[in-house]
Amino acid sequence: MQNDFEDMKIQVYPMDYEEFCDVTGNSQRLLNQIYDSGSPIGQATNRKLMRDLRIYMAVGGMPQAVEAYVAGKNFSEIDMVKRQIITLYEEDFKKNRYFWKLIIETILSCAFYKCLVDFRK
């Protein structure tokens, strides 16, 4: 069974760090204030900011993974969400295999033609 949205194309981008902070309740403003002040920060603040950044790097910016993190899922469950996203991408590439083959062949034939033209000069 195919739904009407399966062939729908939309541009989706991962969340950046500022968006991640907004969703998770961390303050990007604090980071901006620290940066703007140019003053050194204490060890406790540094550890918290580094921890928040490491969490962002581990969770990633894909909305489904961030949603799982906010819902209290552990990192194994978040990793499973990310693997499911990758699987969907792989399936999409498989559906368009002929298209990608045609693009690669076109690029290679153009490169070959350019080599012939350059060789004749």
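This passage looks at helix α5, the salt bridges, the aromatic pairs and a nonpolar surface patch. The structure is a predicted model, and the values below are computed from it.

A good place to begin is helix α5, which runs over residues 75-95. With 21 residues at 1.5 Å a residue, α5 should span 30 Å, and the distance between its end C-alpha atoms, 30 Å, agrees with this. Three residues of α5 are buried, namely I78, V81 and I85. Their directions around the axis cover an arc of only 55°, so these residues sit on the same side of α5. The other side of the helix carries S76 and K94, both exposed. The spacing of such residues follows a simple rule: an α-helix has 3.6 residues a turn, so residues three or four places apart point the same way.

Helix α5 also contributes to the charged contacts. Side chains of opposite charge can pair when their charged atoms come close. The structure holds three salt bridges. In α5, the side chains of R83 and D79 meet in one of them, with an N to O distance of 2.9 Å. R83 and D79 are four residues apart in the helix, so about one helical turn separates them. D79 has a relative accessibility of 29% and therefore counts as partly exposed.

The remaining charged contacts centre on D52. Its side chain meets that of K48 in a salt bridge of 2.6 Å, N to O. Both residues belong to helix α3, where they lie four residues apart, about one turn of the helix. D52 also forms a salt bridge with R51, and here the closest N and O atoms are 3.6 Å apart. Through these shared partners, K48, R51 and D52 are joined into one network. The two ends of the K48 contact differ in their surroundings: D52 is buried because its relative accessibility is 5%, under the 20% cut-off, whereas K48, at 39%, counts as partly exposed.

Turning to the aromatic side chains, the count comes to four aromatic pairs. In one of these, the rings of Y17 and Y56 have centres 5.3 Å apart and planes at 70°, so the pair is edge-to-face. Y17 is in helix α1 (residues 17-24) and Y56 is in helix α3 (residues 43-59), so this pair ties together parts that are 39 residues apart in sequence. Both Y17 and Y56 are buried. Another pair brings Y69 and F75 together, with ring centres 6.3 Å apart and planes at 35°, so this pair is tilted. Y69 counts as partly exposed at 24% relative accessibility, and F75 is likewise partly exposed, with a relative accessible area of 44%. Ring pairs link Y17, F20, Y56, Y69 and F75 into a cluster.

Finally, some aromatic residues take part in a feature of the surface. Y89, F93, F99 and W100 form a nonpolar patch there, with about 450 Å² of accessible area together. Two elements, α5 (75-95) and α6 (97-120), each give two or more residues to this nonpolar patch. F99 lies in helix α6 and is partly exposed, with a relative accessible area of 44%. Helix α5 thus appears again in this last feature, as one of the elements behind the patch.

Terms used:
Residues numbered from 1 in each chain as written. Predicted model: local features only at pLDDT ≥ 70, side-chain atom pairs only at ≥ 80, totals over all residues. Heavy atoms only, no water. Patch = residues over 30% accessible without salt bridge, like charges linked within 9 Å, V, L, I, M, F, W, Y side chains within 5 Å. Areas by Shrake-Rupley, 256 points an atom, 1.4 Å probe, with all protein chains shown as cover. Salt bridge = Lys/Arg side-chain N within 4 Å of Asp/Glu carboxyl O. Buried < 20%, exposed > 50% of the residue type's maximum accessible area, 1.4 Å probe, protein only. Phe/Tyr/Trp six-rings, centres within 6.5 Å; stacked < 30°, edge-to-face > 60°. Expected span 1.5 Å × (residues − 1). Arc of directions from axis to C-beta.
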